[in-house]
Amino acid sequence: MGKIRLLDRDTIGKIAAGEVVEGSASVVKELVENAIDAGSRRIAIMLEEGGRERVTVIDDGCGIEPDDVELAFQRHATSKIADASDLWAVKTLGFRGEALPVLAAVSRMTLATRPAGRASGTEIRLEGGQVLGIGEVGCPPGTRVVVEDLFFNVPPRRLGLRSARAEAARAAEVAGWLALARPEVAVRLASGGREVLASPGSGRRLDAVAAVLGATEASRLVEVCSPPVTGYLGPPNVHASRRSALTTVVNGRPVRDRVVAGAVEDAYRTLLPTGRFPMGTLWLELPPEEVDVNVHPAKLTVAHRDPQAIRRLVRSAVEAALGRVAPARPFWSAPPEVAEGGAAYADRSQQAAMWDQPANAEIRHSWDFRVVGQVHRKYVVLEAPDGVYLMDQHAAHERIAYERMAEENPGGGTQLLLIPPVLELQPGERAGADEFRELLEAAGFILEPFGGNSLLVRGVPAAVADVASADFLRAVLARLGDGRGTDIDRLRRLLAACRAALKAGKELTREEMEALTRELGATRRPGTCAHGRPTLLRIGGDELERRFGRT
Ligand code: ADP
Ligand code: MG
């Protein structure tokens, strides 16, 4: 007698469930995906005991017709595709027709549903996949699914569930991905009655990012805007301890996309400390035939037809975004002891701590510094009511000189020199000076030919008068002629930088430090130098309390 036999439906259901359902997060994922596919605008998720006891998902989508309700619990029953050819253009999140039967097989489940056009709804109750009852019921339009006692009939799997806290954290992470994937849908999740996630469904991606990461964290992110690649990513000083801090959404599907994630990491290479990872969310909109969605049992990844092309596309999009903000090297590192595990949102909000770069508006508002002293002949230590600051003296000098020129010209920013120096130039240098003559004069220089290749410097921009030697002017001319474009703003930056360079590495007296602080405070943008580097870094007072364990 043969030994091979067909497994019964019940067993098949449990085996498949073992593959796809891991815990509350899988339940949330499948039910919310169904709600999204049903065209819902609002989705509410409730967890009891992290979902170990109960997961409830309520939506305001299209509902299920009475005749279809029982069918929806048959394996491979779906309204979303008709045959295999449709697999190449799936727009819905679900398509295999497996989630409802598979979840029902390993739980006690109740589904109540009503299409908007009908006066009443249908309710079905199942236990371990067996239908206990089905009938008409009064309920609002949309669908409510309750999944209770997950794995009650598969004891080893029940034991395999994590703690309520860990299950809730995972489920919240998954709900967050879906909220990011569909910013036009309002997704709420409450665990044990406490709201953990609430995306507004405004359709704006940044709103969804703020709902998942917190508004403060979201405001620090850099926009990626190179369609079909868009998103919000951490600048080089904002990063995470885990790879999973990067969410990738491909064609509306939140997936772990190794190709995309690898390209993002490439773009950040040399910008992040080792062991730290880029964070944020990236959306890709690709032609459906470029992406195979049917490659993973839980639809967690996709395959690209041309991974190399995607890699290049993503890398250049991210580099373009970082190019707008990135200093050459990270000037700041997150504390290494950021908590691992737990919900992603907790992890992300913590890693923003320690040194931060205060915004201009913030510091101008509280310009109240006491000079403590100088360190490394480079930084001035300042005390303020809200914490301790380090001022980069070079960057501060640069900002001050730059703004003086920008403000005062052309309204008389020239300082006439009592004893005009003679600038003896090489023929090439003289040609350069002639070429940039107009620009130099617009910036406040007064130059006169003085026989041969020499120039008489009658006046200089007041902001650099204290350093305007012949050598200084020669250095400025050389850099101006380096072919990197010349306009008045670049010249001002250059003058500011050359002046700051001459003042760098000097020991400062208390009076000089106080003057520098005061003058920086009088600028319009005291927070950065003329090239965008920070002038000030801060450790907040509360951060010090926390770090020293005083709270
Ligand atoms: P799939 O999502 O792959 O189609 P499911 O087993 O998850 O398979 O769902 C089966 C079918 O039940 C869906 O195709 C859909 O027609 C219907 N359905 C499930 N959940 C909902 C819902 N929340 N609102 C409307 N219809 C739903
Ligand atoms: Mg589904």
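A residue is taken to be near a molecule or strand if one of its heavy atoms lies within 4 Å of it. Of the 19 residues that surround ligand 1 in this sense, those that come nearest are Asn-34, Thr-78, Ser-79, Lys-80 and Gly-97. The structure is a predicted model, in which local features need pLDDT of at least 70 and side-chain atom pairs count only at pLDDT 80 or more, while totals for chains, interfaces and linings use all residues. Residues are numbered from 1 along each chain as its sequence is written, chains are lettered from A and ligands numbered from 1 in the order in which they are written, and side-chain values use heavy atoms, with hydrogens and water left out.

The shell around ligand 1 divides into 8 nonpolar, 7 polar and 4 charged residues, where Ala, Val, Leu, Ile, Met, Phe, Trp, Tyr, Cys and Pro count as nonpolar, Asp, Glu, Lys and Arg as charged, and the others, Gly among them, as polar. Helix α3 (residues 99–105) gives the largest share of this shell, 3 residues; helices (H or I, at least four residues) and strands (E, at least two) are DSSP runs, numbered from the N terminus. A polar side-chain atom of Ser-79 lies 2.5 Å from an oxygen atom of ligand 1, and a polar side-chain atom of Asp-59 lies 2.9 Å from a nitrogen atom of the ligand. With Leu-100, by contrast, a backbone N or O atom lies 2.9 Å from a ligand oxygen atom. On its own, ligand 1 has 530 Å² of accessible area (Shrake-Rupley method, 1.4 Å probe), of which the protein covers 92%.

Away from the ligand, the structure holds 1 cavity of 30 Å³ or more, a cavity being a set of points, on a 1 Å grid over the protein atoms alone, where a 1.4 Å probe fits but cannot get out. About 70 Å³ of space lies in this cavity, the volume being the space filled by probe spheres set on the points, which are joined across faces, edges and corners. Its lining (residues with an atom within 4 Å of a point) consists of 9 nonpolar, no polar and no charged residues, including Phe-445, Val-476 and Leu-477.

Side chains of opposite charge can pair when their charged atoms come close. Across the whole structure, 29 salt bridges are found, each a side-chain nitrogen of Lys or Arg within 4 Å of a carboxyl oxygen of Asp or Glu. In one of them, Glu-265 pairs with Arg-243, the closest N and O atoms being 2.7 Å apart. This pair links distant parts of the chain, 22 residues apart, with Glu-265 in helix α8 (residues 258–268) and Arg-243 in the loop between β10 (229–233) and β11 (246–250).

Methods:
On a 1 Å grid over the protein atoms alone, a cavity is a set of points where a 1.4 Å probe fits but cannot get out, and a pocket is an open set with protein on both sides within 12 Å along at least five of seven lines; lining residues have an atom within 4 Å of a point. A polar contact is a pair of N or O atoms within 3.5 Å; within protein, one must be able to donate a hydrogen and the other to accept it, and residues adjacent in sequence count only if both atoms are side-chain atoms.
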